[in-house]
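Me: I've got a structure to go through with you. Can we take it a topic at a time?
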Amino acid sequence: MPSLSLLAAAHPSCNARTWLSTPHPHLPIIATACSDKTVRIYSLQNFQQQSTISGGHKRSIRSCAWKPNSRGESVLATGSFDASAGIWRRWEEGSGRAGRPEMDYTNGLAGGDGDEGDDEDEWRFAVILDGHDSEIKSLSFSPIAPLLATCSRDKSVWIWEELEDDNFETVAVLQEHEGDVKCVAWHPSEQMLASGSYDDNIRMWKEDVDDWACCALLTGHEGTVWWVEFEDTNNIYALGSSETLNDEQRAYVDTRLKTGPRLMSCSDDMTIRVWRRVPKDKPEQQPNQLKAPSIWKNRAFEEEWVEDTRLPRAHEQPVFAVSWSRKTGKVVSAGSDGKIVVYEERWKSGADALATIGDGQIDRSAGLTEWVVVAETVNAHDVFEINHVVWAPRADRGKRVDEEEVVVSTGDDGEVKVWVVDT
Amino acid sequence: MSDVQLYLLEVDKHKAEASKIASQSASRLETKQLKLIDLVTSLEPYINNRDDASLRAKSVAYLAEVLSHIAHKVLSLQERRLLVDFILGRLEGDHEGLGASARALISLEALGNWDTDTAQKVMRTFIDYTSPLRQFKLQTERYAVAQLIDLLLAKYRTVIRQLHDDDHEFLPAFISYFEGEKDPRNLMIIFSMLQVPMAEWDVRAHAQDLFESVFNYFPITFKPPPDDPYGISAQDLKDRLRDCIAANSDFAPYAFPQLLDKLDSTSINTKRDVLQAIQECVVGYEVQTINLYSVTLWDALKFEILNVQEEDLAQEALRALSLIAAKFAQTSEGPLNAFLRPIIKECNEHLEDAPTKQSEAASRILHAISITAPIIADTVIQGAFPLLFKMYHGTESITKRRGLLEAANQVIGAYSKLDKVEFGMNVEALAAFSETAVAAMVRALVAAPKHEVSFRLSALTGLAQLISVQKALPSSQIELAVTTVTDIIIHEHIEGHGNIRPQAIKTLVDMAHAVPQVLQERAIPAFMVELPDVPDDLSRSEHVLEAFAQLATEKQLFHTTILRLKGKLEAARRQDAPATYQRSLLLALLYGFTFGEPIPARADCYRPYAIPLVDEFVRCHLARRDPAMCEIVGRICNSILRPQGVHFQSGVYHKDLSWMSQETATQTSVENLRSITPYLLFYYAALRVEVVEAEDIVALLQKTSAAALDAGVGTNGHGMTLRLLSLLVNKFVNPKTMQVTLEAAKLDVDALLTKDCSVNAIGVGCAIVKGLLLQGKSAALTTKYLQALLDQLTAGNREVAMRFTTLLAPDDVLTKENHCLISNLYKQKVFTQAVPFITNSVRNPDAQKKSNYLVALSGILRWLPYSIMEPSLPILLPPLLQTLDLDTSADQEVKASGLTIFESMLMHDPSVVAEHTASLVTRLLNCTTAEAGNHANVRAKALQCLALIPRQLKREAVVPYRRQVVKRLLACLDDAKRIVRAEAVKCRTAWLALDEGTDDAD
Amino acid sequence: MEADKDNANPTILNPSDLPSRRRSAPTAKRVGIFEALAPANISPADPLAPPVASDSTLSDDEREEIDEQEVYDLISTISDPEHPLSLGSLGVVTLDDIAIIPPASPRSRISSVRVLITPTTSACSLTTVIGLGVKVRLLNALPPRFRVDVRIKEGTSRTADEVNKQLGDKERVAAAMENRSLVNVVNNMLATCA
């Protein structure tokens, strides 16, 4: 079994738990949300800390997200246990080059005095978004619309629209979940939002007429849903170009294109599940029909999502994060057991293609592909739990091919580690 | 210009000047240069000045001050009367200078007692014309008045009381006069003066007003200002107020309801004040008054005990209960039973579901009241025990039985305490239950599963207590108890949980003091049976032996015990029992002699016990001489011989000289000497200086040093030899002839410390220097030798460095009890000579030398009392920090002692450490890692120090390290050693507790 | 304020019946009364003499593994939020309800500790707080290679599942530990831990 090899650990590491790291949309940097109330910006070129964002939040920063397509100025949203979300801005001139690592371990603990960098390292606290009653757990910018979604222990998901810079308006407060909402993720091409919750369920939300509402309820997980993520629109091509495919496979590809990007979720129940939308134009084929709650007036609005398959069971403890590569379609997962696992979707060899897969009731066509573990490493963060993994473009000198990707893992030990997958 | 004019000019600006003038007027009155009448008339224009109030006040002040300076007999009775009338007269119309008037009157009173009318008139005038006192804003004015009235009440008790008896309107006026006083100083006086009417007058008609007037102040919440010149504490006020509340039984109807009402307060302090006030009232009020409230009080107080919030409140409540009980105990039974009945009833109810929080509380209550008097203890037993034992036999649950037994013990415990004070107390009530109780307890010990520790322990406690109560048990019961406990000691050999032998032994020893005869007959024979001549199970016999030896601490058993031990030892010898067993027997004897017999009587033991032991030892062949046993024999002789007088000792000494000189004679080998050195050490330690002969000492010195010099490094017993050297030098060599004697003994210390300076030479050198040091007589010599040692350090001599620790290391032989010369300053001496030298040299770049200095330094500091180092801490700190960097495993000791010093520094002088926080934290963290070769005790100690930092240093100074330390400590939580982990947890908790000060209000 | 206790009068275990290290380690060297009489330690006069074996707890040869008893000692001294009594003496935590689970696979170094707590009454509204106290104590006191799993013993509390899920949620626990008022409650409980 090929393993992941450690490329580097971001320096200096945080003296407290780090929650999540997310790569910048176009710059070779990542932002790491830390429980010491700061966000640390590390370079993916030399893995040194470039700057610190601090002073805006009274408690742990649980999550952060970059605003897409914002050339010239970087915009970062932070979600904190203090129930507020912050929007931060910085001109991009200063970025890219190595920041001076701040050796002093007292950095950031005072909360206020962390950000005395020089001007181009200057982060500006643009606006604070209040509204949630309790800890914000996750937030996400829509890739196609000026929308920001936040979710919280108060069981609600909020959708904010940015009318013009730094002027956010609440467009929806979605409260169907019966427990903390742990994560939110936007559909890559539609104005649709997925959210995972402490109530073990996943919900899909979209705009009905001019009103956001729940359009699908995905049940099945037997524990808190820690993370959800859509695949990229064209992930399907990772399976190979059409000429090499046989008819059956080509048919499968077509259905996949019709159904659109799938959703992946990971959970406290240690499973990772793939969900797919059931296309409307095939009414005859509706396995495990969901009982529609009465509030759904508009039938066309409802969607039906079913469990497509499960990834091979590789974790012995809750799984906190999965990331679905936009480039290769590979998936990486990590969690409490300190393992990082990489999976790949493949065509089945003819034989097994005919056999049906055990998990759930799945129509035959789904059975054409299978997920296999292609790389794995244990004790990735020593004995500590891993809170988050994500794919990021490789930017250091060792880069081997264009579009090469690295895995960035974030752990309870305050370490942010960068891994390359040997192939 | 008249004096008064001068005075008025000065008084505002120069007080001193003014009072000088006043005193001059006073003396001029004495010398008759000034007539009183003239002085008064000279006052006229000012003291009656219509427009200027302050002028009036000042002129009264003048008068007051003059009077304060006047001597006795200067003013005639009439003059004094006249002045009193004058002052009172103007008070009726004019309040200016009230304080001064009061002071004036006080002075006048001091010049001659007042007759009835005057005293009453003064009182009346103030009450009638200046009430209420609070209208006067100046504390000092009110203070003067308070003093005056206090004086009246103190010195004219009956006269003033007359006022009250004649006029029932007086008291109300008197009470309201002081209403609203706030100043603590005045209140102190008022509270105390009010106690006069409260205690001595018939105040029934006005009891409530009088009570309220003081109770308004309850509870006292006054916080004295930081710079309070009068140093009146809240406690002072509380105490006086409490006395007032408790002063008169007529207050009860108002006091108890209000106090009990305040008992519901949520403030712990208020509750505490209430409880203490109640106690005071119980003591102060009449029995029949308390009788009216006893049950009400019980109902309120019990809550504090049954639902403990604060332990000390529970105790106050218990105290109140026992005070009530005690109050009734002295008088008729009626009130007593009325009080006890509900208590016993309720306690019984709680005992039904023992063991619970409340059943424990119930037994505490029973104890608290029983302890107050035998009659109550009896009532409690009669009231509680029947049901208690009924329940005991009614249940199978051991947990419940344990709970009940504990309750019973509480009461029995009260009995045995009473029995110590109440001589020949009647114990029928207890005796009636003794059989049941003993049976239950014995059964618990014999039959209950061994893992039911607490149950069996309660049984032990119970038996011990029962036996300690004289005449509570018939002999049959006593014997049963004794044999049961003895059996446990002899036959139970449980390791770990379930082992109650230690407590059993303690119980047996207690019993030995209470009923020695029974142990004589029952226990001792039983033990002897278990002590074989040649044991098959050594550890078992040792167990028994340990218990047996402790019986020797009872005077009446002493002789039997040691006699049996001796016999056993001889038997063991004859049959060649294993050495360890013989050693244990010797130790048992030693124990007996050390803790058993009172010192003077020991003399008789020397011949029968010590001598045979020694003979035996000397007789046996060199190869078979066991140094350990030799030492014990030495110690036994020491403990017997040491307290004896010169005559006795020299008798012994001269007998022994013969065989000893053979043993130590020059022709016999050093092995021979070594083999008895341990004995010699303690033997010579016991002897008085005058007993011993000089040449004997010289010979011995020579022989011993020779033995020490030719010893291989780390030879066994080498240490003994060195100790003997130190002892001889310190004790028997006369300071005046020190050098001569040393030479006579062929001891050239200079050579040893400079030319030769082999490992052994240094050893001998140090031993001698140590003797000298403690003696503290030959300063020059000592300084010289010590310096020689220090120079060896510079020469980079590792052994020397390590030897330094021996200079101050405590030695239980070198003591005043052993007639040694122990200077009080020897530690100081070493410190002042060695430490500056070392701290200067330690900057030496050469690593090896550096570490030598550090080793030597810590060798010295390790034994110094902190107080000696304290002044020099700033100099000591840098090298001490460096000792923490030493990392050879040989230096662990050094590190450890360094850490111990840092521990005390952090405790006592954190400020000194503060500036080094950064480097200290880093070093301590390094000391916590096993990888760096730190031993467990070093790691643990380092963690202890580290834990002190957040507690002892300023928050701001420490916070910056918090996250780093907390993270680094994660590793220590996984240390290989449990004790280290435990320290790590404590340490980490301390650091986590450190508030980062970035918090928001939730 | 005392009135609304869920269980104002709990049964109390006697300290000497509580499991202790001494009980579980019978081999612990006992120091007899005789040792004190003639101390066998190396004489202070000869530091060069071969050191006599110091007692085993300090000699670094063998490792003392973290066992159930050690975990028990860490949590039994926590005091109950409504009584001035320890969780040990109230039987809220017992040695038998502590389990240490070794790593799931040979490659993993991660063990788990499972603690089942027994509320003083089935209605104990403070169960969550007690659970939180135990959890926090262990998170702070155990090395990070242990995963801490604190749950309510089956059938002892109606709210068990709910509480278990909360205590199992690291995010919630983390957030709770940033809530001043909760932190104060927990600190008071832990104040009695040596």
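Reply: Sure, one term before we start: a contact means heavy atoms within 4.5 Å. This is a predicted model, where local features need pLDDT of at least 70, side-chain atom pairs count only at pLDDT 80 or more, and totals for chains, interfaces and linings use all residues. Residues are numbered from 1 along each chain as its sequence is written, chains are lettered from A and ligands numbered from 1 in the order in which they are written, and side-chain values use heavy atoms, with hydrogens and water left out.

Me: Contacts in chain A, then. Of those between residues at least 6 apart in sequence, what share joins residues at least 24 apart?
Reply: 61%.

Me: And for chain B, with the same kind of count?
Reply: There, 73% of the contacts between residues at least 6 apart join residues at least 24 apart.

Me: How many helices and strands in chain A?
Reply: Two helices and 29 strands. Both are DSSP runs numbered from the N terminus: helices are H or I with at least four residues, strands are E with at least two.

Me: Chain B?
Reply: 51 helices and zero strands.

Me: Why does chain B count as more spread out than a compact globule?
Reply: Because its radius of gyration is 40 Å, well over the 30 Å that the globule rule gives for 1002 residues. The radius is taken over C-alpha atoms, and the rule is 2.2 Å times the number of residues to the power 0.38. Along its principal axes, the C-alpha trace of chain B spans about 115 × 80 × 70 Å.

Me: What percentage of each chain is buried?
Reply: In chain A, 62% of the 423 residues. In chain B, 57% of the 1002. Buried is under 20% relative accessible area, exposed is over 50%, and partly exposed is in between (1.4 Å probe, protein chains only).

Me: Surface area of chain A, and what part is carbon and sulfur?
Reply: About 15800 Å² is accessible, with 49% belonging to carbon and sulfur atoms. Areas come from the Shrake-Rupley method with a 1.4 Å probe; for residues, only the protein chains shown count as cover. Chain B exposes about 40000 Å², and carbon and sulfur supply 54% of that.

Me: New topic. How many disulfides?
Reply: Zero over all chains. The cut-off is a pair of cysteine sulfur atoms within 2.5 Å.

Me: Why is A:Cys64 not bonded to A:Cys34?
Reply: Because the sulfur of A:Cys64 is 8.5 Å from that of A:Cys34, its closest cysteine sulfur, which is too far for a bond. A:Cys64 is also buried, at 4% relative accessibility.

Me: Where is the nearest cysteine sulfur to A:Cys214?
Reply: In A:Cys215, 6.1 Å away. A:Cys214 is buried too, at 2% relative accessibility.

Me: On to the backbone. Which residues does the cis peptide bond in chain A join?
Reply: A:His11 and A:Pro12, with omega about -5°. A:Pro12 lies in the loop between β1 (4-9) and β2 (18-23). In chain B, the bond from B:Ser131 to B:Pro132 is cis, with omega near -10°. B:Pro132 is in the loop between α7 (116-129) and α8 (139-155).

Me: What is phi at A:Asp166?
Reply: Positive, about 65°, although A:Asp166 is not a glycine. The loop between β12 (157-164) and β13 (167-174) holds A:Asp166.

Me: And B:Asp576, buried or exposed?
Reply: Exposed, at 53% relative accessible area. B:Asp576 also has a positive phi, about 60°, and is found in the loop between α28 (555-574) and α29 (579-596). A:Asp166 is partly exposed, at 26%.
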